[in-house]
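Here are some short exercises on charged side chains, each with a worked solution. Have the structure open and try each task before reading on.

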Amino acid sequence: MSGGLQLENANPVIFQRSGERLLTASEEDGDVHDPIDEREIFDLIRSINDPEHPLSLEELNVVEQVRVQVNDTESTVSIEFTPTIPHCSMATLIGLSIKVKLLRSLPDRFKIDVHITPGTHASEEAVNKQLADKERVAAALENSSLLEVVNQCLSSRTI
């Protein structure tokens, strides 16, 4: 949250976190091929911190497992995220945080598409264009101040 500025969404609705996924013996066995699935991707992004509130993206319902699509054989991951309000100025930062988390966590073979859930943000097209532009994403991550904010969103929160 920015120091002293008024919150855009001062009273967000807080949602129940889903339960932790139980790992099977074959998932824990490094010798067994385990395709990456929607739940695994959701588990990577669900605990990302919201830049304005001391809550996770899952708790704010910004990310949901049903909005995650994975095709392991074609190496594609697609994430739709839903800002809490239609004029959320943090939408690009949230999308960038999701993209960075996946870029850092997944094998290089994956093509990652992060975009706003259609019809949920006033600047949806502009934000999606920024998130899809590899050069803009790379330039954003070269900005030390912006990278610090992204890293704060990705850091573990003490409960």
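**Exercise 1.** In this predicted model, decide whether Arg136 is buried, partly exposed or exposed, then describe its salt bridge with Asp133.

*Solution.* Start with accessibility: Arg136 has a relative accessibility of 43%. Buried means under 20% and exposed means over 50%, so Arg136 counts as partly exposed. Next, take its partner: Asp133, at 29%, is partly exposed as well. Finally, look at the contact: the closest N and O atoms of Arg136 and Asp133 are 4.0 Å apart, and the two form a salt bridge.

**Exercise 2.** Which residues are joined with Arg46 into one network by salt bridges that share partners?

*Solution.* The network links Arg46 with Arg39, Asp43 and Glu58. Now zoom in on one pair: the side chains of Arg46 and Asp43 meet at 3.2 Å, N to O. Then check their surroundings. Arg46 is buried, at 2% relative accessibility, whereas Asp43 is partly exposed, at 22%.

**Exercise 3.** Find the N to O distance of the salt bridge between Glu64 and Arg67, and classify both residues by accessibility.

*Solution.* First, the distance: these side chains meet at 3.3 Å, N to O. Second, the classes: Glu64 has a relative accessible area of 25% and is partly exposed. Arg67, with 29%, is partly exposed too.

**Exercise 4.** How many salt bridges does a search of the whole structure find?

*Solution.* The search finds seven. Among them are Arg136 with Asp133, Arg46 with Asp43, and Glu64 with Arg67.

Methods
Residues are numbered from 1 along each chain as its sequence is written. This is a predicted model: local features need pLDDT of at least 70, side-chain atom pairs count only at pLDDT 80 or more; totals for chains, interfaces and linings use all residues. Side-chain values use heavy atoms; hydrogens and water are left out. Buried means under 20% relative accessible area, exposed over 50%, partly exposed in between (1.4 Å probe, protein chains only).
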